[in-house]
Amino acid sequence: MNLDLGKGPILIVGHNGAGKSNLLESLYMLAIAKPHRSRSDRECISWDDNEGAKFAEITGNIKKTGRDINVKVLIHSEIIHNAQNKSMDNYKPVHNYKKTLVLNGVNHPLSQFIGQVNIVLFDAEDMKLIYGTPSIRRKFIDICVSQTDSNYFKLLQAYNNVLANRNKLLKSLRYGNAEQDEIVFWDNQLVEHGSYLIQKRYEVINFMSPLISRIFKAILNNQEQIFINYSPSNKMENYSSLEEIKSTFLRRLREHYIQEVSQGFTIVGPHRDDIDITINRNKAALFASRGQSRSIALSFKLAQAEYIENISKEKPIILLDDVLAELDKERKLFVMSKIIDYEQIILTTSDITQVPEEFLKSIRVLNVNDGIINFN
């Protein structure tokens with residue numbers, strides 16, 4: 001499929017299962033290089049089980065201020081044959097899936113790919129920012145920061161690799177299969193990579209907190225107050241000094257060494273961080289109504305768009321996946337008024353009447369039916 005989306009707002013209309021979300025998933029992949037809904041790259045490839053090479057390819061030509069870029073995500077499989085099992089009647093070849101990321105014809109690592117195209121996606125899953133686990137809120141902040149800071153993403157990748165190795169060593173220590181001094185190397189590596197993550201998260205959440213509070217009050221048009229605070233597993237007295245963060249982080253690791261060996265995993269570090277969300281001084285996950293929670297989630301995403309624009313000096317692409325049906329008329333009008341001036345907005349809906357009439361005149365409409373797109 002080839003599709004020229006162009007500037008301005010576009011509404012994609014189609015019944016459930018027609019393929020609307022697949023299009024948004026493809027656009028999201030061009031920015032983040034990871035699927036938003038799927039758990040793995042494998043799920044982005046056709047479900048056909050016939051033997052043979054399988055692949056998915058998404059290519060986009062992006063017009064940015066002063067330059068054009070071509071981005072491509074290729075997910076392809078390599079068949080691994082096991083000669084020992086090939087003679088068996090129920091033999092099936094194993095597919096090993098790999099991903100290639102290309103910018104202007106040149107392969108790039110993920111850390112250099114993310115941030116070339118900036119996207120903010122609104123969908124029904126956003127409610128999990130309030131009710132979900134800390135990992136969902138960490139993912140939100142990681143995606144937000146990684147689009148504007150390639151060093152952050154590079155260190156996040158390195159941190160996760162070190163964390164996996166350190167946890168493996170802790171399990172060996174628990175069973176007496178390693179020496180205590182082996183942990184020193186991994187402690188230093190964990191601190192070196194993780195301290196910047198702590199500092200940057202604190203900085204970004206502090207920047208976004210007043211934005212989220214302002215947007216939330218404007219959505220509800222009342223005096224309810226929302227507070228957003230960084231809640232690290234490693235609380236620091238001074239987040240402005242990277243050296244102090246490193247010193248405190250290392251000290252905490254040593255203080256928890258016995259407990260970590262006993263449990264067999266690392267309990268101190270940014271992989272345990274969270275974002276505290278309170279409404280009128282009460283924990284939002286416990287006391288916010290569904291309407292309030294929806295407004296909080298929208299506030300997070302609108303603030304994310306403002307943050308990305310503020311740092312990158314370029315407006316992100318805005319994607320709304322069947323979100324309007326969840327909102328009352330006032331919230332629909334507010335969200336549309338906040339995003340309508342972005343250069344590219346793509347909305348999906350199964351019911352065109354969900355879009356406020358005030359905005360329909362300025363929106364280009366595409367119809368999707370069984371994966372085929374037609375312009376009105």
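Select S21, L24, E25, Y28, H36, R37, L121, D123 and D321 in this predicted model, and you will have on screen the residues that line the largest cavity. The space inside this cavity comes to about 60 Å³, and a search of the whole structure finds 3 cavities of 30 Å³ or more. Colour the selection by class, and the lining of the largest cavity separates into 3 nonpolar, 2 polar and 4 charged residues. Which elements should be shown as ribbon around the largest cavity, giving two or more residues to its lining? They are α1, residues 20–32, and β6, residues 119–123, with α1 making the largest share of that lining at 4 residues.

**From the cavity to the sheet**

Keep β6 displayed and add the strands that belong with it, following the order β6-β10-β11-β1-β12-β13, which is an open sheet of 6 strands with mixed pairing. At the edges you will find β6 and β13 (372–375), each of which pairs on one side only. Looking across the sheet, you can follow a twist that averages 20 degrees from one strand to the next. Now bring α1 back into view: this helix packs on the sheet and touches β1 (8–13), β6, β10, β11, β12 (364–369) and β13, while its direction makes about 150 degrees with that of β10.

Next, select β10 and β11, which run parallel and are joined by 4 bridges. A residue to label here is D321, already met in the lining of the largest cavity, which stands opposite T348 in β11.

Move on to β1, another partner of β11, where the two strands pair in the parallel sense over 6 bridges. Labelling P9 will lead you across to I345 in β11, which it stands opposite. Turning to the pairing of β1 with β12, you will find 4 bridges between strands that again run parallel, and V13 has N367 in β12 as its bridge partner. Is β1 mostly covered or exposed? Show its surface together with that of the rest of the protein, and β1 proves to be mostly covered, with 6 of its 6 residues buried.

**The largest pocket**

Select L5, L27, L30, I58 and T59, which lie nearest the centre of the largest pocket, and then extend the selection towards the 50 residues that line it. The volume of this pocket is about 1,700 Å³. Among the elements to highlight are α1, β2 (55–64), β3 (67–80) and β11, each of which supplies at least two residues of the lining; the largest share, 10 residues, comes from β2. Coloured by class, the lining of the largest pocket shows 23 nonpolar, 15 polar and 12 charged residues.

**The second largest pocket**

Now centre the view on S135, I136, K139, F140 and I143, the residues nearest the centre of the second largest pocket, whose lining has 40 residues. Here the volume is about 1,000 Å³. Two or more residues of this lining come from each of α1, β6, α3 (128–131), α4 (134–146), α5 (150–174), α6 and α10. Which helix gives the most to the lining of the second largest pocket? That helix is α4, with 8 residues. By class, the lining of the second largest pocket is made up of 17 nonpolar, 10 polar and 13 charged residues.

**Two helices to finish**

Stay with α6 and select D187, which lies in this helix. Why does D187 count as buried? Its relative accessibility is 6%, and because the limit for buried residues is under 20%, D187 falls within that class. Showing the neighbours of D187, apart from residues up to four places away in sequence, brings up contacts with R166, L250 and L253.

Finally, select helix α11, residues 329–339, and label R331, K332, F334, V335, M336 and I339, which are buried. To see what covers these residues, display elements including α6 (183–220), α10 (290–312), β10 (317–321), β11 (344–349) and α12 (357–360). Two of those elements, β10 and β11, are the parallel pair visited earlier, and the tour can end with them in view beside α11, whose buried residues they help to cover.

Methods: Residues are numbered from 1 along each chain as its sequence is written. This is a predicted model: local features need pLDDT of at least 70, side-chain atom pairs count only at pLDDT 80 or more; totals for chains, interfaces and linings use all residues. Side-chain values use heavy atoms; hydrogens and water are left out. On a 1 Å grid over the protein atoms alone, a cavity is a set of points where a 1.4 Å probe fits but cannot get out, and a pocket is an open set with protein on both sides within 12 Å along at least five of seven lines; lining residues have an atom within 4 Å of a point. Grid points are joined across faces, edges and corners, and a volume is the space filled by probe spheres set on the points. Ala, Val, Leu, Ile, Met, Phe, Trp, Tyr, Cys and Pro count as nonpolar, Asp, Glu, Lys and Arg as charged, and the others, Gly among them, as polar. Buried means under 20% relative accessible area, exposed over 50%, partly exposed in between (1.4 Å probe, protein chains only). Contact means heavy atoms within 4.5 Å. Two strands pair if DSSP finds at least two bridges between them. Axes are lines fitted to C-alpha atoms, for helices over the stretch in contact, and angles run from 0 to 180 degrees between N-to-C directions.
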